Amino acid sequence: MRKRTLFSLAAGTVAAGAATLAYASLIERNMFTLRRFDVPVLAPDAEPLRILHISDMHMMPEQRRKQRWVAALAATDPDLVVVTGDNMADPAAVPGVLRALQPLLDLPGAFVFGSNDYRGPVFKNPFSYFNPDREYVQGVELPADELRQVLVDAGWHDMNNTRTTIKAGGRVIELAGVDDPHVDRDDYPLVAGPASAAADLHVALTHSPEPPLLDLMAADGFDLLLAGHTHGGQVCVPFYGALVTNCGIPRSMVKGLHRWPGSDSWLHVSAGLGTHPTAPVRFSCPPEASLLTLIPR
């Protein structure tokens, strides 16, 4: 009787594990979700302004469902589109990325890149993410310059270690961005300095939300800080949340909208739309894009 009980428990555990893996790999990772947040950063009596934040598509050429879903976001009618990197997961992914973004390219836009815009992913032991000192291993070279040129030619602003002012939604918006700090490509001193009093809004972009960098951006007076990279934890525990963040940010801020500590700045971290190709699962953390409606303070 005891052996039968143990066998039944083991079989049940295996079956539950298989069902969970099937759900995470076949269902939830394709449950694309649009999050909506109100962000109180505008001057009193200002009209709302909408920012569509897209991150971490990790696009593979054949992912047509994801491409169609992102393209349909044009119906949200944003005033500004911001993409915070890791667009590609394959050397042949640029056409797929463009199929996704094409309906949005007529709108004002800005982008920074992540490490997986420059180099492709390689197989990793999932447990290695619990080691903050693990060696970063790069994969095959990706066509970052090709993607960059197409986006710039469409009128979007390349914000990798750059600062500029644009007009969107009838407002003057100051943008500052850095290349991916996760792989030491960032150079914030190149763009640092107090926010311009001539702008109506100040937005800073980074792929990986590293606290020392966010502190500098907030100290310079940027109202809104936008980042991705974390995948929201990708595999989360219900009622507990993310197990890891893959950067310096605390688990409590792994995704969503938060007030950055010690400042008047708001941070939005996108949980992203993709997964690492060698770990195509999401659990308790659906893929997402976000529509941020900026409102008066």
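**Two sheets, a core and a salt-bridge network**

In this structure, leucine 52 stands opposite valine 81 in strand S3. I begin with that pair and build outwards from it.

First, the basis of what I shall say. This is a predicted model, in which local features need pLDDT of at least 70, side-chain atom pairs count only at pLDDT 80 or more, and totals for chains, interfaces and linings use all residues. Residues are numbered from 1 along each chain as its sequence is written, and side-chain values use heavy atoms, with hydrogens and water left out.

Let me turn to the strands around leucine 52. Helices (H or I, at least four residues) and strands (E, at least two) are DSSP runs, numbered from the N terminus. Two strands are said to pair if DSSP finds at least two bridges between them. S2 and S3 pair in the parallel sense, over four bridges. Histidine 53 stands opposite valine 82 in S3. S2 is also joined to S14, by five bridges, and those two strands run antiparallel. There, isoleucine 51 stands opposite leucine 292 of S14.

How much of S2 is covered? Five of its six residues are buried, so to speak of a mostly covered strand is fair. The word buried stands for under 20% relative accessible area, exposed for over 50%, and partly exposed for what lies in between (1.4 Å probe, protein chains only).

These strands belong to an open sheet of six, in the order S1-S14-S2-S3-S4-S5, with mixed pairing. Strand S1 (33-42) and strand S5 (157-158) stand at its edges; each has a single partner strand, so one side of each is left without a neighbour in the sheet.

I come next to the nonpolar core. By a nonpolar core I mean a set of buried Ala, Val, Leu, Ile, Met, Phe, Trp, Tyr and Cys residues joined through side-chain atoms within 4.5 Å. The largest one has 29 residues, and those with the most contacts inside it are Ile54, Met57, Val70, Leu101, Leu147 and Trp156. At least two residues of this core are supplied by each of strand S2 (49-54), strand S3 (80-83), helix H3 (94-101), helix H5 (144-153) and strand S14 (288-296). Which element gives the largest share of this core? That is H3, with five residues.

Now to the charged side chains. Side chains of opposite charge can pair when their charged atoms come close. The rule used here for a salt bridge is a side-chain nitrogen of Lys or Arg within 4 Å of a carboxyl oxygen of Asp or Glu. By this rule the count comes to eight salt bridges.

One of them joins the side chains of arginine 35 and glutamate 288, at 3.0 Å from N to O. This pair links distant parts of the chain, with arginine 35 in strand S1 and glutamate 288 in strand S14, 253 residues apart. Is glutamate 288 buried or exposed? Glutamate 288 counts as buried because its relative accessibility is 3%, whereas arginine 35, at 29%, counts as partly exposed.

Arginine 148 offers a further case. Its side chain meets that of aspartate 145 in a salt bridge of 3.8 Å, N to O. Both residues lie in helix H5, three residues apart, about one turn of the helix. Aspartate 145 is exposed, with a relative accessible area of 59%. Arginine 148 also forms a salt bridge with aspartate 158, at 2.8 Å, N to O. Here the link is between helix H5 and strand S5, over 10 residues of the chain. Salt bridges that share partners thus join Asp145, Arg148 and Asp158 into one network.

Finally, the second sheet. Six strands form an open sheet in the order S6-S7-S8-S9-S13-S12, again with mixed pairing. Strand S6 (162-168) and strand S12 (256-259) are at the edges, each with a single partner strand, so one side of each is left without a neighbour in the sheet. Strand S9 (residues 224-227) and strand S13 (residues 266-269) pair in the parallel sense over four bridges. The bridge partner of leucine 225 in S13 is leucine 267.

I close with asparagine 246, placed in the loop between strand S11 (241-242) and S12. At 19% relative accessibility, asparagine 246 counts as buried. Its C-alpha atom is separated by 7.8 Å from that of histidine 229, which is 17 residues apart from it along the chain.
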